[in-house]
Structures are given as structure tokens and as C-alpha cells.
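Me: I should like to go through the reasoning behind several assignments in this structure. Please set each value against its criterion.

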Amino acid sequence: MTHILIAEDEQGISSLIEKGLRGNGLDTTTVTDGDSALRQAASGEYDLMVLDLGLPGKDGFTVLRRLREARNAIPVVILTARTSVADTVAGLQGGADDYMSKPFRFEELLARIRLRLNAVPRPPVTVVRHGEFSLDLRTRRAVVGDRAVDLTTREFLLAEMFLRHPGQVLSRKQLLSHVWGYDFDPGSNVVDVYVRYLRRKLGSERIQTVRGQGYRLVGENVAVGSHG
């Protein structure tokens, strides 16, 4: 699945983009500040970034410059309230692939995103990681620190879902749909059971329960549990 990073601090706008992209078969992750945008974009897990220039912390120009200085070629579509010619030129010369001004029509944004996604084929991501936890999607190998961990097929798919959305709360409905392909069954506890399996193998503190919402993969500095 194609993964889009949305770097936008206005919740109404980010929700609109997120809903529209997911409705068109694209997976999304949203961040609301420049430091998070730079960190996530540098991870190699995303196929394109929609970038607001007016982010708190590092602004969009800084995020873009740091990425290009690091020779990171992730396609970037700037989406901003800044409409001056100087800002447009600065964004494009700074390495942006496209530039759109707010207010905007979602249909046009979607068309531009699809254009950029199809412009240059990108090699598929074969390893996803968060801190000392990594998954090799090609060999199905899981590693925590310096030790390999044996995961079943369902455990691996569940771990991959968490790794592709670090820090993001994932509901039981989302996990059930992505990993098992089921519609939500409020009586099913299969997600909870498999989260317990992962905790035994990866470390009990690595996956956090968010009461009433779901689960999330927590930060990098977490304890490593024993073999399960």
C-alpha cells in the first residue's frame, strides 16, 4: 500500500486530507510539527509527503532543506497559505516537487499527488524499523536489539502495522481489518490476544494500551523483554 505523510498542524485541514486519501486507497500518517515531519520523512517508510510551510518548530522550508541536504528524494507537495511568488519559487528551488496554495480543492491535490507518485518509480521498502526493533519484509525476520525473534504470520503482520505507524494510536477495528481482513466484531478479543503474544516476544513496555482507544508502539527507549 502507498503511504503518504501529512505534515500539517491545522486539524481541520489534516483531517480532510487524511479522510480523502484513505477513501482513495492510500495509507496516511499525520504529524503536526517540523521535527516530527523531518524524522518521519527520513525514515524511508513513506512514498510522498504533503508539507505545510507554517509548521511549529522547524518550518516547512527547513524540513525540506534538511531532507534534500541528506539526499532524501521523497516527493514533496507543499500545501500552504503563503501565496507570494517568492515563496513559491523558494519552495520549488528548495527541492519541492509541487506547490499548492490554500484554500485548495481536494480533487486537485489528489491529482497532483498521483502525478508525483507515478513520476519516478521508487524501490520498495524492505525493512521497517523503530529504534532497536526492525522487521525485514522480504525475509520475514524480526530483530529486537541484537536478537532475532520468531513471529507467526499474524504476529508479523500485526508488528508491521505498529512499525508503520509508530506513536500512532491504532484502534482494534483498524488492526482487525488490516491484519485479519475482518469487519469489526465488538465481541472478538483476537487483537488483544495477539498483542499479548507480541508483548511477550518484543517486550511488555513496547506496545502501550490507550484506554478506550486501542494500542500504540511507544518511543525508542523502551525495555526489551525476554523471549516468549
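Me: What makes Lys102 buried or exposed?

Reply: The model is a predicted one. Lys102 has a relative accessible area of 12%. Buried means under 20%, so Lys102 is classed as buried.

Me: Which classification does Glu10 receive, and why?

Reply: Glu10 has a relative accessibility of 40%. Partly exposed covers the range between under 20% and over 50%, and Glu10 therefore counts as partly exposed.

Me: Why is the contact of Lys102 and Glu10 called a salt bridge?

Reply: The criterion is a side-chain nitrogen of Lys or Arg within 4 Å of a carboxyl oxygen of Asp or Glu. The side chains of Lys102 and Glu10 meet at 3.6 Å, N to O, so the pair satisfies that criterion. This pair links distant parts of the chain, 92 residues apart: Lys102 lies in the loop between strand S5 (98-101) and helix H5 (106-119), and Glu10 in the loop between S1 and helix H1 (11-23). Both residues also belong to a salt-bridge network with Glu8 and Asp52.

Me: What makes Arg68 and Asp97 a salt bridge?

Reply: Their closest N and O atoms are 3.2 Å apart; the limit is 4 Å, so the pair qualifies. Here too distant parts of the chain are linked, with Arg68 in helix H3 and Asp97 in the loop between helix H4 (85-93) and S5, 29 residues apart. Arg68, at 22%, is partly exposed, and Asp97, at 29%, is likewise partly exposed.

Me: How many residues separate Arg112 and Glu108, and what does that amount to in helix H5?

Reply: Arg112 and Glu108 are 4 residues apart in helix H5, which means a separation of about one helical turn. Their closest N and O atoms are 2.7 Å apart, in a salt bridge. Arg112 has 24% relative accessibility and counts as partly exposed; Glu108, at 36%, is also partly exposed. A search of the whole structure finds 14 salt bridges.

Me: Why is helix H2 described as largely enclosed by the rest of the structure?

Reply: Helix H2 (residues 34-41) has 8 residues, and 6 of them are buried, so the description follows. The buried residues are Gly34, Ser36, Ala37, Leu38, Gln40 and Ala41. They pack against strand S1 (3-7), strand S2 (27-31), strand S3 (48-51) and helix H3 (60-69).

Me: Which residue caps the N-terminal end of H2, and how do you know?

Reply: The cap is Asp33, with a side-chain oxygen 3.2 Å from the backbone nitrogen of Asp35. A polar contact requires N or O atoms within 3.5 Å, and the distance of 3.2 Å therefore meets that limit.

Definitions and conventions
Residues numbered from 1 in each chain as written. Predicted model: local features only at pLDDT ≥ 70, side-chain atom pairs only at ≥ 80, totals over all residues. Heavy atoms only, no water. Buried < 20%, exposed > 50% of the residue type's maximum accessible area, 1.4 Å probe, protein only. Helix = DSSP H or I, 4+ residues; strand = E, 2+ residues; numbered from the N terminus. Contact = heavy atoms within 4.5 Å. Polar contact = N/O pair within 3.5 Å; in protein donor to acceptor, adjacent residues only side chain to side chain.
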